[in-house]
Every structure is written in structure tokens, then in C-alpha cells.
Amino acid sequence: MSQNILLSLTALVALLPAAFYPYRRIAGQGGEGRGWSFWGALLLAAAGPGMWAILQVAGQWQTGFSTALWVTTAACMMLFIGLSLFHRTAWRLAPLLLPYLLVVCLFATLTEDAPAPVLRGNAPGVWIDLHIAVSVFTYALLTLSAVASLAAVLQTRALKTKRPTPLSRFLPPVAESERLQLRLLIASEVVLGAGLATGMAVLFFEQGRLFRTDHKSLLSVATFVVIGILLLAEYRTGVRGKTAARTMLIVYLLATLAYPGVKFVSNVLIGQWSWG
């Protein structure tokens, strides 16, 4: 067993307590809410992917699909811990977010052996590092925003059918989920704008131009535009409910295609075929 696989399995195991903890409370078997056991499980879940990311990218950034998933998971966990500390109901997104991240990391573990090219470029290192950090942070923000949107959808459905479930009772109220989604979307738009700017700077240093019409660039711009339209509609008309949720899912789909999606095709599908 390779060192990377062993490290991935260790990080994956570290996510398990946090992924299952909220469902113990939903089932009535763990009643203290944000107690020490919750924070302990959350910190352990952040430490596993976090240590994986630090050990893998400490020397030189790897552009592989698995690395992208692990680093994004680490960023999501850091943001979620911050939200849980300073927002009174954000921690209630745990039953949706943490199992999702567990599945993402399982996928990252299964694709661990896919080719992972080393990043090369003529741009100054600070610009490349800044662009990578902004891209990861943007995708983490959009992930949390999508989870908040899903929570609002589940709560709205439970209210309309008058059939609340243990999960819907645990999740944040509809209004809180929508406010959290909106704030995360605003932050995502700002950070994504910075990401596009740093990406243009990196491209200018490397190729002497500001924009390249590849899949990642076009999908990133499309994500920025759709978020802007959604925020403008929210400001002008107060669009909420299913329309906002569906648009948010489109945004997340575009971001997923732009960031891990392109890496999956180039590193896993095409890479495995080339190496095979």
C-alpha cells in the first residue's frame, strides 16, 4: 500500500465521526448539540484532510484531481468551523455537508493513483499561489452556499406537505438558510471576481494575454455572471424559494465543472487512458 493511499484512508477515517454524529442527535441518541463531542468530531474531520493537503502541497503544488478534492474538503471544513462558531444555526447544516464531504473524499481516495501533473508556469510564484488559494476558497464558499440552499428546499417542502421529518427539524429554519445562502453567495462573487483577476494576471505573465477561451475560463466566467444575476434578482425582486434554489444548483454545477470537473476529465479520464 502506497504512502499516499494510507494517508488518504487515514484522512477518510477522520471524517467518519463528524459525518455520523449529527444523525445520532437526529435519532435522539446525542442531545447536547454543539457540545464538546461535536467540536471534537469537527476538529478531527478538519485535521484529516488538512494534514493531507499540507503534506501533499508543501513542496510543490500538484494539479491532480484527487489533490483538488482533498484541498477543497479541507477548505470547506475550515469555513464550516468558522460559520459554526459565529453563526447560531450554521452548524445545523452538518447532516447535509459532512456526509457529502465524506463521499467526495472517498472519490478522492479511489482516484488517488490517477496522474497528477506538477504545476508549471512562468508567472511569479506569489500570483500562482494567490490564484490557487482564491479558487479553492471560492469553491468552498459555493459548496456551503449550495448546502444552505438544499436545506432551505428541504425545509420548504416539509412545511408545504406538513410532514416534518427528523432531518427537517434539525436543519436551520427556512429564513436562516436563505440568509446564510445569500451571504455566502455575496462572498463567493467577491472572491470569484478576485480569482478571475488573479487568473488573468497569471495568464498575462505566462502568455502575454488576459483571457483564454478554454473550458475552465468560460465556465468560471459563466459562474460569475449567473451569481451576479441571482444577486441582482434578489436585490430587485427578492427572489426566493425554488427559483433561487434551482439557480444556486446551476451555479454550483458550473463551478464544479470549471474546477474539479475539468481536472477529472484531463487527469483521470484522459490521463488514465494515456497512461494505460
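pLDDT is the predictor's confidence in each residue, on a scale from 0 to 100. This is a predicted model, so a tour can begin with that value. The mean pLDDT of the protein chain is 79, and 78% of its residues reach 70 or more.

**Whole chain**

Show the chain as a cartoon. Its secondary structure comes to nine helices and zero strands, and from the N terminus on the elements run α-α-α-α-α-α-α-α-α. The chain has 276 residues, of which 50% count as buried. Among contacts with a separation of 6 or more, 82% are between residues 24 or more positions apart. Switch to a surface: the protein chain exposes about 14100 Å², with 68% of that supplied by carbon and sulfur atoms.

**Colour by confidence**

Select residues 94-110, helix H4, which has the highest mean pLDDT among the elements of the chain, at 91. Then select residues 241-275, helix H9, where the mean pLDDT is the lowest, at 66. Narrow the selection to residues 272-276: pLDDT stays under 50 there, and the model has four contacts for this stretch beyond four places in sequence. Where pLDDT is low, the predicted coordinates should not be read in detail.

**Thr109 in helix H4**

Return to helix H4 and select Thr109, which is placed in that helix. Is Thr109 buried or exposed? Its relative accessible area is 9%, under the 20% limit, so Thr109 counts as buried. Now display what surrounds the residue. Leaving aside neighbours within four places in sequence, Thr109 is in contact with Ile5, Ser8, Leu9, Leu12 and Trp70. Ile5, Ser8, Leu9 and Leu12 fall within the range of helix H1, residues 3-26, and Trp70 within that of helix H3, residues 65-86. Next, draw a distance from the side chain of Thr109 back to Cys105: a polar atom of that side chain lies 2.9 Å from the backbone oxygen of Cys105.

**Ser66 in helix H3**

Keep Cys105 selected and add Ser66, found in helix H3. The C-alpha atoms of Ser66 and Cys105 are separated by 8.3 Å, although the two are 39 residues apart along the chain. Ser66 is buried because its relative accessibility is 5%, below the 20% cut-off. Which residues does Ser66 touch, not counting those up to four places away in sequence? They are Trp52, Ala108, Thr111 and Glu112. Of these, Ala108 also offers its backbone oxygen, which lies 2.8 Å from a polar atom of the Ser66 side chain.

**The salt bridges around Glu176**

Side chains of opposite charge can pair when their charged atoms come close. Here the count comes to two salt bridges. Select Arg88, Glu176 and Arg179, which are linked in a network of salt bridges.

Start with Glu176 and Arg88, whose side chains meet in a salt bridge at 3.1 Å, N to O. This pair links distant parts of the chain: Glu176 is in helix H7 (residues 174-207), while Arg88 is in the loop between helix H3 and helix H4, 88 residues apart. Check how far each partner is covered. Glu176 counts as buried, at 10% relative accessibility, whereas Arg88 counts as exposed, at 60%.

Now move to Arg179. Its salt bridge with Glu176 has the closest N and O atoms 2.9 Å apart. Both residues lie in helix H7, three residues apart, about one turn of the helix. With a relative accessible area of 38%, Arg179 is partly exposed, because that value is between 20% and 50%.

**A nonpolar patch**

Go back to the surface view and select Val13, Leu16 and Phe20. These three form a nonpolar patch on the surface, with about 280 Å² of accessible area together. Take Leu16 as one member to inspect: the residue is found in helix H1 and counts as partly exposed, with 33% relative accessibility.

**Last stop: Lys162**

Finish in the loop between helix H5 (125-161) and helix H6 (166-170), and select Lys162. What is notable about phi of Lys162? The angle is near 55°, a positive value in a residue other than glycine. Lys162 is exposed, as its relative accessible area of 74% is over 50%.

Key. Residues numbered from 1 in each chain as written. Predicted model: local features only at pLDDT ≥ 70, side-chain atom pairs only at ≥ 80, totals over all residues. Heavy atoms only, no water. Patch = residues over 30% accessible without salt bridge, like charges linked within 9 Å, V, L, I, M, F, W, Y side chains within 5 Å. Areas by Shrake-Rupley, 256 points an atom, 1.4 Å probe, with all protein chains shown as cover. Salt bridge = Lys/Arg side-chain N within 4 Å of Asp/Glu carboxyl O. Helix = DSSP H or I, 4+ residues; strand = E, 2+ residues; numbered from the N terminus. Buried < 20%, exposed > 50% of the residue type's maximum accessible area, 1.4 Å probe, protein only. Contact = heavy atoms within 4.5 Å. Polar contact = N/O pair within 3.5 Å; in protein donor to acceptor, adjacent residues only side chain to side chain.
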